[in-house]
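Please follow the paragraphs below with the structure open beside the text, turning from one region to the next as each is named.

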Amino acid sequence: MAKVPIYQQPVSTIYQALQTNEQGLTSATVKERLAQNGKNALNQQKTTSLLQKFIAQFKDFMIIVLLVAAFIAGLTGEVVDAVIILIVVVLNAVFGVFQEAKAEEAINALKEMSAPNATVRRDNVVTTVKSDELVVGDIVLLEAGDIIPADLRLTEVGSLKVEESALTGESVPVEKNDAVLTANDLAIGDRANMAFMNSNVTYGRATGVVVATGMQTEVGRIAGMIEDADETTTPLQANLTQLGKSLTILILIIAAIVFVMGMWRQAESLIDMLLTAISLAVAAIPEGLPAIVTITLALGTQRMAKRHAIVRKLPAVETLGSTDVIASDKTGTLTQNKMTVEKVYQDLRLVDAHTVDFERDNRLAQTMILSNDTKMTDDGLAGDPTETALVQYQLDRHYPVDAVLHDLPRVAEIPFDSERKLMSTIHPLPDNQFLIAVKGAPDELLKRVTHLARDGQVVALTAADRQTILTTNHEMATQALRVLAFAYRIVDAVPSDLTSAHVENDLVFAGMVGMIDPERPEVEQAVADAKAAGIRPLMITGDHKDTAAAIATRLGIMEPSDTAAVVTGAELDEMDDATFAKRVKDFTVYARVAPEHKVRIVNAWQQHGKVVAMTGDGVNDAPALKAADIGIGMGITGTEVSKGASDMVLADDNFSTIVVAVEEGRKVFANIQKAIQYLLSANLGEVLTLFMMTMLGWQILAPVHILWINLVTDTLPAIALGIEPMERNIMKQPPRGRKSNFFSGGVLGGILYQGLLEGGITLFVYWMAITYPVHQAASLAHADALTMAFATLGLIQLFHAFNSKSIHGSIFTVGLFRNKFFNWAIVIAFALLAMTILVPGLNSMFHVAALNLFQWAIVLGASLMMIVIVEIVKFFQRRVVK
């Protein structure tokens with residue numbers, strides 16, 4: 001059975017192979033197969049416990065470095081240092097676990113069972129069961145509105161249409177039949193006698209036998225591809241790892257130099273020099289950095305959640321900010337996944353649909369709603385999307401749909417079939433005649449038309465008229481419109497022979513309509529915003545080339561003249577990976593592609609060093625969502641498979657939310673850069689101060705001094721920088737790309753010169769206090785100098801926090817006091833720093849002395865110089881850039 005595809009086998013052969021029949025399986029057989037093959041469900045991603053999540057936080061390289069530093073500090077008696085570092089590490093881990101758990105809760109709230117129930121025939125009795133209890137060989141009954149619960153080989157079909165956009169990308173429902181197919185290697189969309197799991201029945205009825213369940217279905221096969229896809233490392237993760245390694249090397253080198261130099265000068269004992277080296281290590285490691293980064297990201301996720309973007313993986317927040325390419329599925333993401341009437345052709349004139357107001361007795365308007373199987377329910381219109389679009393159009397134009405359906409009831413019909421491509425219904429008229437309403441494919445319908453309704457008159461259809469209609473049909477088709485033609489005929493009685501040959505002839509042509517799956521109204525602006533931000537949007541779809549190109553042009557994704565920018569899956573198959581990678585920048589629209597093609601597209605862009613984001617809602621998007629640097633799923637229409645593969649889910653399915661997410665991602669990265677520049681320049685200043693004090697043989701700041709400055713200045717002000725408002729024109733800058741890191745854009749240079757400046761000013765204040773002492777006693781003079789250096793180093797960092805509100809911009813243009821949290825952070829930090837000197841009892845604990853007004857003036861003046869000098873440097877930097 002495996003050698004011959006299911007769609008090429010007759011039903012009797014399949015029944016025999018699966019040991020089933022039309023009456024269905026017995027309850028005993030079902031129980032046996034369920035135990036043998038398992039439930040009809042996709043493999044669930046393994047969830048981790050809170051403990052596992054907590055332990056995973058400690059695998060981060062920066063955290064490991066901090067733990068080692070805490071361990072060494074504890075061994076050498078610096079218990080306070082060790083405890084404080086451990087508290088920071090644990091708080092960071094708890095916060096990370098909380099955010100991951102919160103993200104999981106949010107995504108679980110979005111999940112719904114796609115096919116909770118199925119109607120089956122078992123023991124020759126029709127019953128309803130849970131879809132996950134289906135087994136191979138079950139007989140399933142389908143009707144309009146059902147979600148197909150497993151892969152079926154159809155055995156009986158009654159005008160069945162199935163919407164398979166989640167699997168194939170086609171927004172128009174596919175007609176199904178139960179005939180044996182003879183062609184080989186048919187694509188999923190061409191297997192007309194098969195119905196696939198997670199597809200929707202839009203029209204008709206059918207019966208089918210289950211031929212595959214769970215992971216053996218086509219949906220399961222794609223889910224398996226996802227499991228095999230490699231996870232990519234986000235730029236944030238790579239940058240933090242690189243930063244941790246660089247800092248570790250720096251710490252070891254500096255600590256070793258200080259230790260060796262101290263022992264060589266024999267100024268301190270072995271233990272004292274070890275403590276000094278540890279102090280340097282504490283100063284060099286920005287222990288608040290992992291917490292600052294996590295908090296900044298977490299606050300970003302909360303802001304994004306309020307704007308309908310739910311982040312499943314914390315580092316993915318900033319990945320959007322570095323995105324170069326956004327590859328989006330067309331159906332349901334760029335478009336609304338519903339057909340809409342756009343053009344109306346009557347009286348041999350083509351007009352925009354919204355400009356037409358039909359009279360009640362207009363035959364085109366009547367035919368559109370009479371030759372139509374749409375059902376009007378309390379929940380809205382139900383039926384085939386093409387037919388519901390016709391009725392919805394008339395409702396929107398305030399046409400009396402209910403009245404016409406009531407006055408002209410259907411008394412006979414010839415159902416639609418794919419061979420003649422027509423549908424006819426018959427209705428009684430008030431004058432005792434009958435109206436035959438016909439709709440169908442224009443070329444087929446025109447073969448049966450002899451007259452034309454034109455300006456209220458019925459005239460003979462000329463050859464020129466026929467050619468005009470066909471030309472208009474072709475023009476609409478090239479604009480990606482799906483065209484339906486309508487005709488009618490007035491007869492004296494209902495034909496006794498309800499066949500196409502007797503009913504569908506001598507028709508009067510009423511007109512045509514052009515329909516399209518329209519773009520979402522907000523997407524055009526979102527695409528324009530993405531382009532303004534230097535991001536290249538791509539359309540990747542399973543739809544036809546012309547349809548994809550038309551939508552892409554209307555949305556501004558591609559230029560109308562750039563026909564070479566459209567490529568099909570078949571054309572991709574003709575290129576090897578190397579050739580495609582060279583030409584990938586030439587293509588903007590990808591049509592008629594399979595899931596494998598989408599992964600190739602993502603990989604080809606990544607080979608050029610581009611950061612790729614992939615949006616989509618269907619199962620067919622999931623492998624590319626996983627392979628992309630960031631996968632963006634849809635919360636409402638998205639399948640469970642695509643949500644599970646994504647890094648972020650759009651709760652409102654709104655493509656414009658992508659632009660919001662990009663903006664937020666850029667702001668998060670910029671704010672992390674500000675915090676890093678602030679923290680590392682401050683820590684460099686501390687390292688330089690300690691290093692030079694050691695080299696010069698001065699009395700050095702104690703570990704408790706460094707730790708308190710770190711605790712006060714590295715926490716609240718740094719967190720406040722992480723929530724700075726967005727700077728102007730952040731969405732007018734080109735993407736950072738994959739090669740950028742936190743030190744890009746002048747950050748590294750800023751860290752170096754600002755750190756040197758902080759250390760230099762602090763050493764200068766210490767030198768002044770020693771050279772021009774207030775107290776003559778050497779011990780008091782040294783105590784004053786150490787206290788002034790301690791106060792200066794702390795205040796410099798608080799003033800420098802204002803500098804860090806913008807990497808290159810003046811603090812007077814970014815808004816000094818816009819960030820209320822920042823304002824309070826500075827006030828609190830200043831109070832905590834000052835009380836160690838001013839509060840009796842605390843100053844003795846911190847080994848500092850009370851200062852007079854003159855000494856405080858020197859400290860404040862020197863600290864303010866940090867702002868003055870940095871503002872001057874920024875001014876010249878901006879001039880050079882201009």
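In this predicted model, strand β4 (residues 151-163) is joined to β7 by 10 bridges, and the two strands run antiparallel. Within that pairing, the residue standing opposite Val162 is Val201 of β7. Strand β7 also pairs with β3 (residues 139-143), again in an antiparallel arrangement, here through 5 bridges, and Gly208 in β7 is the bridge partner of Val140. How enclosed is strand β7 by the rest of the structure? Of the 13 residues of β7, which spans residues 200-212, 11 are buried, and the strand is therefore largely enclosed by the rest of the structure.

From these strands the path leads to the nonpolar interior. In soluble globular proteins, nonpolar side chains tend to be buried together. The largest nonpolar core of this model comprises 133 residues, and Leu320, Phe509 and Met648 are those with the most contacts inside it. Helix α26 provides the largest share of this core, with 15 residues. Leu320 can serve as a point of orientation: apart from its neighbours within four places in sequence, Leu320 is in contact with Met304, Ala613, Ile630, Ile632, Met648, Ala661 and Val662. Met648, one of these partners, is itself listed with Leu320 among the residues that have the most contacts inside the core. A second core, separate from the one just described, consists of 30 residues and includes Val356, Met368, Val401 and Val404.

Helix α26 deserves a further look, since a charged residue can be followed there as well. Glu664 is placed in this helix, which covers residues 656-696. Is Glu664 buried or exposed? Its relative accessibility is 3%, and because buried means under 20%, Glu664 counts as buried. When residues up to four places away in sequence are set aside, Glu664 touches Gly300, Arg303, Met304 and Arg307. Met304 thus appears in two sets of contacts, as a residue touched by Glu664 and as a contact of Leu320.

The next topic is the empty space left inside the model. Rolling a probe the size of a water molecule over the atoms shows where empty space is left. There are 4 cavities of 30 Å³ or more, and the second largest cavity has a volume of about 50 Å³. Its lining is formed by Ala791, Leu795, Phe830, Leu833, Ala834, Ile837 and Trp856. Two elements, α30 (778-803) and α32 (820-838), each give two or more residues to this lining, and α32 contributes the largest share, with 4 residues. In terms of residue character, the lining of the second largest cavity divides into 7 nonpolar residues, with no polar and no charged ones.

Two loops complete the tour, each holding a residue with a backbone angle worth checking. Asp347, although not a glycine, has a positive phi of about 55°, and its place is in the loop between β10 (340-346) and β11 (349-352). Lys421, also a residue other than glycine, has a positive phi near 60°, and lies in the loop between β14 (412-417) and β15 (422-428). How exposed are these residues? With a relative accessibility of 18%, Asp347 counts as buried, because the limit for that class is under 20%, whereas Lys421, whose relative accessible area is 39%, is partly exposed.

Notes: Residues are numbered from 1 along each chain as its sequence is written. This is a predicted model: local features need pLDDT of at least 70, side-chain atom pairs count only at pLDDT 80 or more; totals for chains, interfaces and linings use all residues. Side-chain values use heavy atoms; hydrogens and water are left out. Buried means under 20% relative accessible area, exposed over 50%, partly exposed in between (1.4 Å probe, protein chains only). Contact means heavy atoms within 4.5 Å. On a 1 Å grid over the protein atoms alone, a cavity is a set of points where a 1.4 Å probe fits but cannot get out, and a pocket is an open set with protein on both sides within 12 Å along at least five of seven lines; lining residues have an atom within 4 Å of a point. Grid points are joined across faces, edges and corners, and a volume is the space filled by probe spheres set on the points. Ala, Val, Leu, Ile, Met, Phe, Trp, Tyr, Cys and Pro count as nonpolar, Asp, Glu, Lys and Arg as charged, and the others, Gly among them, as polar. Two strands pair if DSSP finds at least two bridges between them. A nonpolar core is a set of buried Ala, Val, Leu, Ile, Met, Phe, Trp, Tyr and Cys residues joined through side-chain atoms within 4.5 Å.
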